[in-house]
Amino acid sequence: MADIQGSYDDLFTAVPTALAALLDDGDAGGSVAVFVDGEPVVDVWGGLADVARGVPWQRDTLVNVYSVTKTMTALCALVLADRGALDLDAPVARYWPEFAAAGKEAVLVRHLLSHTAGLPDWFGPVAEIYDWPAATARLAAQAPQWEPGSAAGYHSLTQGFLVGEVIRRITGRMPGEFFADEIAGPLDADFHIGLPAEHDDRLAPTIPPPSHDEDYTAAAADPAATDSPGSADPTGAPTPTPTAFRVRDGNSVAWRRAQIPAAGGFGNARSVALVQSAMACGGAVGGVRLLSRAGRDRAWEEQFSGEDRRLNMPISWGLGYGRFGGTYGWGGWGGSTVMIEPEARMVVAYVTHQMREPAQDTRGLDLLMAAYDGLQGLRNSG
């Protein structure tokens with residue numbers, strides 16, 4: 001069995017055992033954390049951070065968690081809403097006047113958070129996502145692909161720029177700086193939206209799935225979906241093919257240095273679980289209150305339920321979080337996952353740099369179920 005480092009409560013032995021099984025099954029490395037009542041009951045890691053150099057995974061190894069970053073950016077917006085600085089029912093153009101172009105006057109802030117704004121695809125060059133003014137200007141000029149609020153389509157890359165620019169307009173700070181100042185800093189959480197150079201030596205680069213190289217891409221939107229009724233722009237013209245992003249893009253220095261608030265967050269399982277424990281525990285963790293309980297509860301209110309036009313599956317969206325019954329959270333390209341169980345005040349976070357084919361990747365769910373085993377034991381012992 002693979003060697004697992006770290007610590008865990010004996011009731012949660014199934015979690016490190018599950019991580020060891022993943023490593024035995026061919027994964028290069030990863031970390032898992034389970035927090036209950038804001039405290040770690042599992043904080044473990046194993047494998048290699050850099051396979052080519054044989055560098056072992058360390059306690060402070062960092063990974064690009066891709067779309068798990070969305071939960072961090074959403075939390076920033078929820079904090080501003082809870083403070084009264086952001087009205088979720090306001091038009092985006094109230095804060096970002098240029099955004100009203102091309103028929104987007106009626107797009108509300110809550111539409112951005114719930115993937116219903118009609119701007120799900122990135123059509124610009126890859127290099128432009130590293131240029132914040134250029135990226136946000138492109139989205140401000142773009143026409144929605146459907147009536148905002150009427151349908152959902154996963155805004156895999158664009159959501160971060162959209163929500164992030166609203167944050168910037170309100171606070172005068174880039175979303176990464178706001179997150180660092182208002183959330184990560186007070187919690188002492190080792191999570192970064194955009195990675196400063198001084199942390200590069202702790203980074204575990206993303207590994208494509210077996211049989212693929214670094215040209216492996218995130219799935220672009222299905223052309224059949226973009227040509228379907230309601231997915232064309234308001235003039236009736238079909239939308240062009242969205243830009244595809246490769247593993248080598250995500251592993252680039254340019255990606256690390258840029259602020260990409262939908263997919264450019266770097267952390268470990270401990271930091272992800274710590275931050276999202278505020279959501280599990282009524283808005284506060286470790287003596288730090290980020291949100292009121294009502295502000296936290298707002299995140300779980302259903303904004304859309306039905307077939308997502310980009311995920312091509314039924315989904316229930318809250319404000320920045322997927323809703324799965326009484327559990328909330330999201331996963332990232334390549335397998336990293338965070339799930340929040342507010343009734344049990346539990347968060348399960350899994351961070352890995354080892355991609356698998358999406359259709360065959362159940363690792364996050366497997367680890368969540370292992371954590372539920374421990375939770376049941378905790379309840380029985382109590």
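Is Ala 102 buried, partly exposed or exposed? Ala 102 is partly exposed, with a relative accessible area of 38%. The legends below, starting with this residue, describe close-up views of a predicted model.

**View A. Ala 102, a residue with positive phi in the loop between α3 and α4**. Helix α3 covers residues 92–95 and helix α4 covers residues 109–113, and Ala 102 sits in the loop between them. Its phi is positive, about 60°, although Ala 102 is not a glycine. Most residues other than glycine have a negative phi.

**View B. His 115, a buried loop residue with positive phi**. The loop that holds His 115 runs between α4 and α5, the latter spanning residues 132–141. Phi of His 115 is near 65°, again a positive value in a residue other than glycine. His 115 has 1% relative accessibility; this is under 20%, so His 115 counts as buried.

**View C. Arg 110 in helix α4**. Arg 110 has a relative accessible area of 16% and is buried. Apart from neighbours within four places in sequence, the residues in contact with Arg 110 are Leu 88, Asp 89, Gln 303 and Leu 319.

**View D. Helix α1 and the elements around its buried residues**. The helix spans residues 14–24, and its buried residues are Val 15, Pro 16, Ala 18, Leu 19, Ala 20, Leu 22 and Leu 23. These buried residues pack against four strands, namely β1 (4–8), β2 (29–36), β3 and β15 (346–352), and against the helix α13 (363–381). Just after α1 comes Gly 26, with a positive phi of about 120°.

**View E. Cys 76 and Cys 281, two cysteines without a disulfide**. A search of the whole structure finds 0 disulfides. For Cys 76, the nearest cysteine sulfur is that of Cys 281, at 19 Å. The closest cysteine sulfur to that of Cys 281 is in turn the one in Cys 76, and because a disulfide needs sulfur atoms within 2.5 Å, the 19 Å between them is too far for a bond. Cys 76 counts as buried at 1% relative accessibility. Cys 281 is buried as well, with a relative accessible area of 6%.

**View F. The second largest pocket**. Its volume is about 160 Å³. The lining is made up of 13 residues, and those closest to the centre of the pocket are Arg 53, Val 55, Asp 201, Arg 202 and Leu 203. Two elements give two or more residues to the lining: β3 (39–50) and β4 (55–56). By residue type, the lining divides into 5 nonpolar, 2 polar and 6 charged residues.

**View G. His 199 and its side-chain contact with Arg 202**. His 199 is found in the loop between β6 and α8. The side chains of His 199 and Arg 202 are joined by a polar contact of 2.9 Å. Arg 202 is also among the residues closest to the centre of the second largest pocket. Leaving aside neighbours within four places in sequence, His 199 is in contact with Leu 62 and His 192. The relative accessible area of His 199 is 16%, a value under 20%, so the residue is buried.

**View H. Glu 214 and its polar contact with Asn 251**. Glu 214 lies in the loop between β6 (192–193) and α8 (223–226). The side chain of Glu 214 makes a polar contact of 2.7 Å with the side chain of Asn 251. Not counting residues up to four places away in sequence, Glu 214 touches Thr 206, Pro 208, Arg 246, Val 247, Arg 248 and Asn 251. Glu 214 and Arg 246 are 32 residues apart along the chain, and their C-alpha atoms are separated by 6.5 Å. Glu 214 is partly exposed, with a relative accessible area of 28%.

**View I. Leu 311 in the loop between β10 and β11**. The two strands cover residues 304–308 and 313–317. Leu 311 touches Tyr 154, Trp 317 and Trp 330, with residues up to four places away in sequence not counted. Along the chain Leu 311 and Gly 153 are 158 residues apart, while their C-alpha atoms are separated by 7.0 Å. At 25% relative accessibility, Leu 311 counts as partly exposed.

Technical notes
Residues numbered from 1 in each chain as written. Predicted model: local features only at pLDDT ≥ 70, side-chain atom pairs only at ≥ 80, totals over all residues. Heavy atoms only, no water. Buried < 20%, exposed > 50% of the residue type's maximum accessible area, 1.4 Å probe, protein only. Contact = heavy atoms within 4.5 Å. Polar contact = N/O pair within 3.5 Å; in protein donor to acceptor, adjacent residues only side chain to side chain. 1 Å grid on protein atoms, 1.4 Å probe; cavity = no way out; pocket = protein on both sides within 12 Å on 5 of 7 lines; lining within 4 Å. Points joined across faces, edges and corners; volume = space filled by probe spheres on them. Nonpolar A, V, L, I, M, F, W, Y, C, P; charged D, E, K, R; others polar.
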